[in-house]
Amino acid sequence: MAHVGGAARVAATAMAAASTAAKNQALRALARQLREQTEALQAANVRDLDAARAAGLAEPMVDRLKLTPKILATVAEGCEQLAAMPDPIGEISGVKRQPSGINVGQMRVPLGVFGMIYESRPNVTIEAASLAIKSGNACILRGGSEALHSNLALWRLVQAALVEAGLPAAGVQLVETTDRAAVGRLITMPEYVDVIIPRGGKGLIERISAEARVPVIKHLDGNCHVYIDAEVDIEQALAVTDNAKTQKYSPCNAAESLLVHAAQAAVFLPRIGAIFAAKGVEMRCCPQSKAVLAAVPGARLVDATEADWAEEYLAPIISIKQVASLDEAIAHINRHGSHHTDAILTTNHLAAMRFLREVDSASVMVNASTRFADGFEYGLGAEIGISTDKFHARGPVGLEGLTSMKWVVLGQGELRG
């Protein structure tokens with residue numbers, strides 16, 4: 001790991017100085033190779049799939065390991081999209097002339113070296129590598145042991161693309177051992193690594209956060225809320241709430257908690273309850289909401305416990321609570337939420353603005369589904385993860401999240417008096 005770290009630190013200097021043309025050439029070369037080597041990549045992927053099934057891995061987990069032609073085409077397209085995006089590195093902004101005569105601004109620069117620790121999905125290898133290349137960073141990747149052969153095959157294509165563009169092969173490195181001690185070393189090498197980005201289950205992220213001696217960009221939970229205000233377009237609220245919860249259950253930006261103002265409970269709850277009942281969604285309710293929902297045919301109702309208000313289900317389950325005011329809704333979200341994504345459905349502009357200002361989350365929405373909390377949907381081109389931290393990166397982390405700002409001073413011989 002010391003050898004890998006040292007090589008990354010040297011490569012980071014070259015990556016930071018790389019021209020936009022060279023970085024884009026590497027990304028286009030990688031896209032081309034992903035398409036040309038689809039069969040070879042799938043052959044490597046089959047080794048991982050066979051091993052996973054032999055080890056008794058559950059089929060949904062096996063599914064996450066697959067590198068289908070569609071998935072490979074998607075990541076190849078992602079590389080080309082990144083190549084077409086403006087290069088943020090070297091951009092100078094906010095230049096202001098000071099009374100002394102100097103001009104002061106800020107320049108966007110790479111972070112240096114980031115370590116990425118992730119599970120299951122081998123396509124993350126390409127997503128992380130392509131973002132590292134475009135942002136002028138070096139990176140050290142550590143994928144899950146269950147996807148080792150797939151990750152190795154993908155990484156070799158990344159290295160070939162870097163060399164083709166005249167960039168250092170060590171700009172993107174993959175930890176080739178499955179020894180867990182390698183992760184322990186990676187997260188305790190501040191001399192080589194500037195930031196760690198874990199992407200996986202809560203257990204992995206908690207371990208990294210507890211043991212790291214390097215800054216971590218992370219999010220532990222996605223307990224996302226939808227709040228139905230006293231003044232609301234009911235039809236719009238029904239459609240958005242349904243989408244936020246049921247469009248897909250497993251992502252971290254799916255709604256897990258529904259708060260309904262008492263003024264709308266009698267109208268809204270029976271209708272959303274019928275939608276959830278038809279889709280087999282279990283509703284964990286406060287006493288007031290349960291009383292209203294009891295008349296919904298086929299509704300799966302459970303008494304909510306205190307733990308339910310903070311739970312990330314990632315399943316067809318939602319907690320439902322009736323609240324007396326916007327103040328109560330905001331207080332509930334800030335106490336029980338995970339600071340990921342929360343939405344208000346309202347026709348009251350003042351209520352919307354208060355919600356935006358006072359809810360302490362990385363993404364706050366008005367009249368939109370929480371499922372939009374995504375780097376691609378935000379126009380970032382791609383994302384390396386979502387951060388619920390407050391320092392440096394917050395929300396979907398794209399190219400700019402992998403950079404920092406340094407102050408630059410432009411003078412003509414000015415002297416401080």
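**Exercise 1. Locate Leu410, state how accessible it is, and name the surface patch to which it belongs.**

Leu410 is found in strand β16, which spans residues 403-410; helices (H or I, at least four residues) and strands (E, at least two) are DSSP runs, numbered from the N terminus. The model is a predicted one, in which local features need pLDDT of at least 70 and side-chain atom pairs count only at pLDDT 80 or more, while totals for chains, interfaces and linings use all residues. Residues are numbered from 1 along each chain as its sequence is written, and side-chain values use heavy atoms, with hydrogens and water left out.

The next step is accessibility: Leu410 counts as partly exposed because its relative accessibility is 45%, where buried means under 20% relative accessible area, exposed over 50%, and partly exposed in between (1.4 Å probe, protein chains only). Finally, Leu410 forms a nonpolar patch on the surface with Ile92 and Val95, and together they have about 240 Å² of accessible area. Such patches are made of residues with over 30% relative accessible area and no salt bridge, like charges being joined within 9 Å and nonpolar side chains (Val, Leu, Ile, Met, Phe, Trp, Tyr) within 5 Å; the areas come from the Shrake-Rupley method with a 1.4 Å probe, and for residues only the protein chains shown count as cover.

**Exercise 2. Describe the pairing and the burial of strand β6.**

Begin with the partner: strand β3 (residues 113-118) runs parallel to β6 and is joined to it by five bridges, two strands being paired if DSSP finds at least two bridges between them. Within this pairing, Phe114 stands opposite Val195 in β6. As for burial, β6 covers residues 195-199, and four of its five residues are buried, which leaves the strand mostly covered.

**Exercise 3. Which parts of the chain are joined by the salt bridges Arg35 to Glu80, Glu400 to Arg108, and Glu256 to Lys245?**

The structure holds 25 salt bridges, each being a side-chain nitrogen of Lys or Arg within 4 Å of a carboxyl oxygen of Asp or Glu.

1. Arg35 forms a salt bridge with Glu80, with the closest N and O atoms 2.7 Å apart. This pair links helix α2 (residues 20-36), which holds Arg35, to helix α5, which holds Glu80, across 45 residues. Arg35 is partly exposed at 41% relative accessibility, and Glu80 is partly exposed at 33%.
2. Glu400 and Arg108 meet through their side chains at 3.7 Å, N to O. Glu400 lies in the loop between β15 and β16 and Arg108 in strand β2 (residues 103-110), so the bridge ties together parts that are 292 residues apart in sequence. Glu400 is partly exposed at 49%, whereas Arg108 counts as buried at 13%.
3. Glu256 and Lys245 form a salt bridge of 2.8 Å, N to O. Glu256 belongs to strand β8 (residues 255-261) and Lys245 to helix α10 (residues 234-246), so the parts tied together are eleven residues apart in sequence. Glu256 is buried at 0% relative accessibility, and Lys245 is buried with a relative accessible area of 0%.

**Exercise 4. Place the two non-glycine residues Asn367 and His392, and give the phi of each.**

Asn367 lies in the loop between β13 (363-366) and β14 (385-387), and its phi is near 55 degrees, a positive value. His392 is placed in the loop between β14 and β15 (395-397), where its phi is positive at about 65 degrees.
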